[in-house]
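Here are my notes after a look through the model you sent. Have the structure open while you read.

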Amino acid sequence: MPDPYAKAYQASLADPSAFWRAAAEDCHWYRKWDRVLDDSNKPFYRWFAGGRLNTCYNALDLHVEKGNGDRTALIYDSPVTDSIRSYTYRELTEEVARFAGALAAQGVVKGDRVVIYMPMIPEAAIAMLACARVGAVHSVVFGGFAARELAVRINDAKPKVIVSASCGIEVKRIVPYKPLLDEAIEIAESKPERCIVYQRPMERATLVEGRDLDWEAVVAEASPHPCVPVEATDPLYILYTSGTTGIPKGVVRDNGGHMVALKWTMKAIYNMDEGDVWWTASDVGWVVGHSYIVYGPLLKGCTTVLFEGKPVGTPDAGVFWRVISEHKVKAMFTAPTAYRAIKREDPEGKLIRDYDLSPFQALFLAGERSDPDTIQWSEKNLKVPVIDHWWQTETGWAIAANCLGLHPFPVKYGSPTKSVPGWDVRVVDASSNPVPAGEIGALVVRLPLPPGTLPTLWNNDQGFVKAYLSEFPGYYKTADAGFIDEDGYVYVMARTDDIINVAGHRLSTGAMEEVLADHPDVAECAVLGVEDSLKGQAPVGFVVLNAGVTRDEEEIVAEVIHMVRERIGPVAAFKQATVVKRLPKTRSGKILRGTIQKIADNKEWNVPATIDEPATLTEMEEALTRLGLAGARIPEGK
Ligand code: COA
Ligand code: AMP
């Protein structure tokens, strides 16, 4: 007898339409689909074509209509403002319906885009759900991005309305959002008609007359708006994510496939039932926040915790345990970096003992590789399964996981366990040939991707095909390298492009290089992600100055660091850079990034046969040592 995981996995690949049709029966449809999987326009696959639904209806109204209106839908827990606020499903439905009415009053209709640039307050989730209610397409931009990054997204999405707030709170620092928003609109070519601004008491924003409206005022005048039926294939949201250049990719998510897949994952992967309390400590600006702070838990009828704080410093490394115990959280999801931060402050987990964690049953980690130390520390101190799972902004939900709701497997440290049902994950070489078990290659997924994944990039079908589908025909390229062992455990080892993962945040070193190259004194540069014990990786910049520049090097370094913060944002965490005479290159002029990285990370390395000037590696070692990086010792005799 195959176990429930094996049964589901085989069924999902043998007949994807039958598998996902069954999952779709668990959702409300105004009209059922004509075809579960429409493959008439390969390589563009569409799920539930012809079906009509409303995601907000499924996430909110349906639970009220089923008699669960008094159940808690959302708990806002904000140690940075010292407040906790709960919404029942009925209350949240009413708030969302009214804000949907406010959007409609500003002329927002089905298909219009709405950019949401907000901190972790309930109004961010309310704005997202209100967009879904009227059929508008939201695009949430993470608060840690600078005005220019916001402007790039505004230009691409062309929103009719932008919803924002007066400020965010970073531990004790107030981050005014409105000046960033004003600057972004100033830079952007595409201007929104209206901005709706939620005024927080700790920092009130100045509103631009004729353009900006106060959230409270528009809501007071609005009447509740009903759910607008949309096509299953209509977009629910666009989420921009780092690509290999400074231009982010607009990942599109549809309504139907997204609803079906996310609701299914809540039980199959996370073992959550209706009424259970779920907590994702992330931000609504990331895909994890979209899928598992807002949509997944609400579609399932769970209680979701929206946390405005940090794992440490708000006020201490015990805050996670306080939240789990106070709200009776059954399972939580965050990035490993959050647990590394706690472990660093409270290595013995002493603060855990102050709280009753008896309802807590599982910890899920994703966003970056989970290092075995962090998993083992969490297992030992929390005494619950700690589950690493692998996914991407593009996929919207996990590609590989230990499916707690189907059949948990023994953990192999360093592996997010097995491919989730729906995902035909393979490891191939550069010519798309399979590589034997245990050997590293490109991690790819055989098409079609399951529902809930990206159908395309916003207004960029060609870019979608080029970035994901052309290198390995018939497969989706994850841009991760890794292997699958003989037991089917997947190992994700490294990105194959210039993406780095800093504190679980996905960033492009190429985008940082574009900023550095703009400095008038910089002739050439390279940015690399080096190992960091807290954040997983940290960006480090190397700049070569133009001939004849005699200015103080430290001043130039401070300027480039400032430029990255100003142009990309504090989230880039770009704090280390140095001036070098030359960059190590191959004879054909390619920067030897892999070698520099190995030196910085204190790994085994060789002088590449293709190197142009071996002395440049000695210079690089000196530069890394100056930065306090590198066990950078050139091996004897090199
Ligand atoms: N608005 C404005 N600024 C923000 C921001 C936001 N929403 N989010 C982060 N920043 C700023 C931070 O204040 C920090 O600024 P600084 O350079 O002035 O200190 C900078 O961006 C880097 O932030 P971060 O990477 O979060 O580092 P941190 O030192 O503040 O915190 C951790 C480190 C590990 C505690 C933190 O990253 C964390 O809690 N991570 C949890 C995991 C997570 O949310 N992952 C997302 C995907 S699951
Ligand atoms: P993002 O789109 O921000 O979610 O980042 C996706 C990338 O993060 C993936 O392509 C991986 O490189 C990395 N990643 C996410 N989860 C994991 C994991 N569990 N193990 C290893 N890498 C991961």
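The points below cover the ligand site, then one sheet, then some backbone oddities.

1. First, a reminder that this is a predicted model, so please read everything below in that light.

2. Start with where the ligand sits. Domain 1 (4-309 + 389-482) and domain 2 (505-626) each contribute residues to the shell around ligand 1, so the ligand lies between the two. The shell counts 22 residues, and those that come nearest are Glu170, Arg173, Pro311, Arg565 and Lys575. By type, the shell splits into 10 nonpolar, six polar and six charged residues.

3. Next, the polar contacts to ligand 1. Glutamate 170 places a polar side-chain atom 2.6 Å from an oxygen atom of the ligand. For arginine 565 the corresponding distance to a ligand oxygen is 2.9 Å, and for lysine 310 it is 3.1 Å. As for burial, ligand 1 on its own has 940 Å² of accessible area, and the protein covers 84% of that.

4. Now the sheet. Its four strands run in the order β23-β24-β25-β26, the sheet is open, and the pairing is antiparallel. The edges are β23 (425-428) and β26 (490-495); each has a single partner strand, so one side of each is left without a neighbour in the sheet. From one strand to the next, the twist averages 50 degrees.

5. A closer look at one edge of that sheet: β23 is joined to β24 (residues 441-446) by four bridges, and the two strands run antiparallel. If you want a pair to check by eye, take valine 427, whose bridge partner in β24 is leucine 443.

6. Which peptide bond next to proline 448 is cis? That would be the one from leucine 447 to proline 448, with omega near 0 degrees. Proline 448 is in the loop between β24 and α14 (461-469), so follow the chain on from the sheet strand β24 to find this proline.

7. There is another cis bond, between threonine 314 and proline 315, where omega is about 0 degrees. Proline 315 belongs to the loop between β17 (303-307) and α11 (319-327). For context, most peptide bonds are trans, so both spots deserve a look on screen.

8. Last, lysine 158 has a positive phi of about 50 degrees, although this residue is not a glycine. Lysine 158 sits in the loop between α6 (147-157) and β8 (161-165). Most residues other than glycine have a negative phi.

Conventions. Residues numbered from 1 in each chain as written. Chains lettered and ligands numbered in written order. Predicted model: local features only at pLDDT ≥ 70, side-chain atom pairs only at ≥ 80, totals over all residues. Heavy atoms only, no water. Pairing = 2+ DSSP bridges. Axes fitted to C-alpha atoms, helices over the stretch in contact; angles between N-to-C directions. Near = heavy atom within 4 Å. Polar contact = N/O pair within 3.5 Å; in protein donor to acceptor, adjacent residues only side chain to side chain. Areas by Shrake-Rupley, 256 points an atom, 1.4 Å probe, with all protein chains shown as cover. Nonpolar A, V, L, I, M, F, W, Y, C, P; charged D, E, K, R; others polar. Domains from an automatic or database assignment.
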